[in-house]
Amino acid sequence: MKPFISRVAHDIPPSGIRKFFDLVQDMEDVISLGVGEPDFATPWNICEAAIYSIEKGVTSYTSNKGMPALLQEIARYLEERFALRYNPEREIVATSGVSEALDIAIRTVVDPGDEVIITEPAFVAYAPCVRLAGGTPVPVECRVDNDFRLTADSLAECVTDRTKAVVVNFPNNPTGGVMGRADYAALADVITDHDLVLISDEVYAELTYEGSHTAAATVGDLWERTITLNGFSKAYAMTGWRLGYLCAPDEICQAALKIHQYVMMCAPVMGQVAAREALRHGDRERDEMVTEYKMRRNLFIRGLNRIGLPCHMPKGAFYAFPSVAPTGLSDQEFAERLLTEQQVAVVPGSVFGASGTGHIRCSYATSRENLQTALSRMEAFLADLSP
Amino acid sequence: MDEKDRLLLTLLDQNSRLPASELAELTDLDEPDVKDRIRRMEEAGIIQQYTAVINWEKAGDGEVSAIIELKVSPERDFGYDKVAERIGRFKQVRSLRLVSGVYDLELLVTGKNIHEVARFVAEQIAPMDHIRETATVLIMKTYKENGHIFYEREEVERLPLSI
C-alpha cells in the first residue's frame, strides 16, 4: 500500500514544544514564560481602524502584493526608521505574517539539493521551510561567549559549493542577541564572495534596547542580495492579525510575488488596514510597550543571575536565554521538572537546535507580577535541587 | 531630568507604592541612586504627593463630584492667577485648571450630595469678583481615572506556549 503522507511531510519533525503544551493544558496555576507573543492587546486605535473598515464593507481581496496605501506606508516607515529603501510598487509584498514571508522567500531562492545556512539557536520554522523547498538546512552556531552573534569565521566554515542562502534573525528568538553594523560588515565578504542570498528576519527590529537596530540590507552592498522580512506581530502586539511583509530587489520580489499570489492570493484585508493604522499612528504606544519590555528585561535578567541561572543581557526581542548548566540537569529535564514541581513553563533550548542545548528560553512578555512570582518559584526549585 | 528620571515618574504615576528595590531593578539603577533621584524630584516639586486611585462609587459612600466651568474676567497684571489662587484654597475644589475654549477655569468639586455642591457653587464661587458665568456638570459615572479603567473587562486567554 502506498503511504498517504509525502516523504517530505513525514520527515519534518513535530514542534519540540508539543509535549509541554499537552502537560500545561492539564495543569492549574501555571505561570507561562513559554509564550512567543506580546501580552498586550493590540492598541485600540489600530483595532478601531479595522472595525471601522469592516463596518464600511472593506472585506474583499486586495491586489496580490497588498493595498498600495499600506505598501507606501511600509516603504516610508522602513526608510525613516532604518534607512532601508524599497520601491513600494515593485519591491514589497504584504504577507500573512512573517511566517508566510519566510516560506515564500525560501521557495523563491532554493532549488532541491541547495543548502541553506541557518543561524542557531533558531526559530523553529526555518529548517522545516528549507526542507519543504527540497533544500538542506545547515546550522551555524552563534555562541554565548560572542553574545550570540554570527561571526564570519563560523559562517565561512559552513559554506560549500551547494550553499545558496543564509537565514539570519536579529534581534534573535530565542537568545535576544543582536547584530550591529560592524558585525554584518564582517560577514559581507563571505556572503558576496560565495554569491549567497541573505534572508534576514527582522520581526523583532523594534524590540532593540541598546542603540538602534541595524537592517542587514543597509550594510555595504548587501541590499542587492538581501530579502528583508518584517511584520507587525511583535512591535505592535498584532500576532492574531497575521500581517507581515517581504522586501527584496525587484527581480527577487517579483518572483516571490508569483508564489504569494498562487498560495495566498493576498494578505487579509483587515490586517492590512490595521497595519496601515499602526504605521501611521502607532509610534507612541509601540514605544511605550518597548519601554515596558526593557524594564521587565532589566528586572528578570537581574533576578535570574541572582538566583543562580547565569544569563547574558539580551539586547533585543523579549526572551532571556539562561544556562541551566549549574544545575547539572539537561534543558529538557530542567523544563519538565520546573513545570511539574513549580508550575512555571519555559521552553528547553534544544528545541531551537543543538546549539541551544543547556539553555532554557524564558519569555518576559508577561506581567511584572508574573515575572516576580516565576523568579521566586524558580528559586525554590533550585533550592530543592541542592539541599 | 534624564531618561531614567522620566521612567521613574512614569512608574510612580502608574503605581506609587512600587518599592525602591523594584524601581531599581526595572530601571537598571542602584537602589541608593533611585532613592536619591526620587528625593531630588520631591524637593523640586516634580513629585507632589503619593496617592491612590480610588473607585469611590464602588466604595459606596455616596459622595458626588461635579466639573464646574467658569468664565472669568482676567485682571490686569495678574491674568487668571489671582482668582485661581483664591478658588484653589477651598477644600472642596479637588482640581483646578486654566483651559482653552468657551470657559476659562475648570474645577473638580466634591461634596456629600448634589445640594452641597450646588450650594458651594452658588454661594462661594459664583459671587466672587471677576466670575462672569458658571456651568455645573454633574459626574454620573466614572469609566476611567488617571489611566485606570473602572469597568469590568474579560481576560483574554493566550496560548500557554508558542514558539
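Across the interface of chain B and chain A, 12 residue pairs turn up in polar contact, both partners at pLDDT 80 or more. The model is a predicted one, and everything below is read from it. On the chain B side, the elements that put two or more residues against chain A are helix H1 (3–14) and helix H2 (20–27) of chain B. H2(B) supplies the largest share of that side, with 5 residues. Sorted by class, the side of chain B that touches chain A holds 10 nonpolar, 3 polar and 5 charged residues.

Charge pairing shows up here too: the count between chain B and chain A is 2 salt bridges. One of them joins the side chains of Glu25(B) and Arg306(A), at 2.8 Å from N to O.

As for the overall extent of the interface, 18 residues of chain B are in contact with 33 residues of chain A. Together the two chains bury about 2100 Å², and carbon and sulfur atoms give 57% of that area. In chain B, the residues losing the most area to chain A are Arg158(B), Leu161(B) and Ile163(B), which together make up 41% of what that side buries.

Now for the nonpolar interior. In soluble globular proteins, nonpolar side chains tend to be buried together. The largest nonpolar core in this model has 126 residues, and the members touching the most others are Leu33(A), Ile199(A), Ile227(A), Phe232(A) and Leu246(A). Helix H11 (residues 283–307) of chain A gives this core its largest share, 9 residues. Apart from this core lies another, of 23 residues, with Leu155(A), Val166(A), Val168(A) and Ile191(A) among them. Back in the largest core, Ile227(A) is worth a look. Not counting residues up to four places away in sequence, Ile227(A) touches a set of residues including Ala105(A), Val109(A), Val197(A), Leu198(A), Ile199(A), Leu246(A) and Ile252(A). Ser200(A), Cys247(A) and Ala248(A) are also among the residues that Ile227(A) touches.

One last spot is His359(A), which sits in the loop between strand E11 (347–348) and strand E12 (360–363) of chain A. With a relative accessible area of 10%, His359(A) falls under the 20% cut-off and so counts as buried. A polar atom of the His359(A) side chain lies 3.1 Å from the backbone oxygen of Phe321(A), and the same side chain reaches the backbone oxygen of Pro322(A) at 3.3 Å. Leaving aside neighbours within four places in sequence, His359(A) is in contact with these two residues and with Phe148(A), Ser323(A), Val324(A), Asp331(A), Pro348(A) and Gly349(A).

Key: Residues are numbered from 1 along each chain as its sequence is written. Chains are lettered from A and ligands numbered from 1 in the order in which they are written. This is a predicted model: local features need pLDDT of at least 70, side-chain atom pairs count only at pLDDT 80 or more; totals for chains, interfaces and linings use all residues. Side-chain values use heavy atoms; hydrogens and water are left out. Contact means heavy atoms within 4.5 Å. Buried area is the accessible area (1.4 Å probe) that two parts lose on being put together, summed over both. A salt bridge is a side-chain nitrogen of Lys or Arg within 4 Å of a carboxyl oxygen of Asp or Glu. A polar contact is a pair of N or O atoms within 3.5 Å; within protein, one must be able to donate a hydrogen and the other to accept it, and residues adjacent in sequence count only if both atoms are side-chain atoms. Helices (H or I, at least four residues) and strands (E, at least two) are DSSP runs, numbered from the N terminus. Ala, Val, Leu, Ile, Met, Phe, Trp, Tyr, Cys and Pro count as nonpolar, Asp, Glu, Lys and Arg as charged, and the others, Gly among them, as polar. A nonpolar core is a set of buried Ala, Val, Leu, Ile, Met, Phe, Trp, Tyr and Cys residues joined through side-chain atoms within 4.5 Å. Buried means under 20% relative accessible area, exposed over 50%, partly exposed in between (1.4 Å probe, protein chains only).
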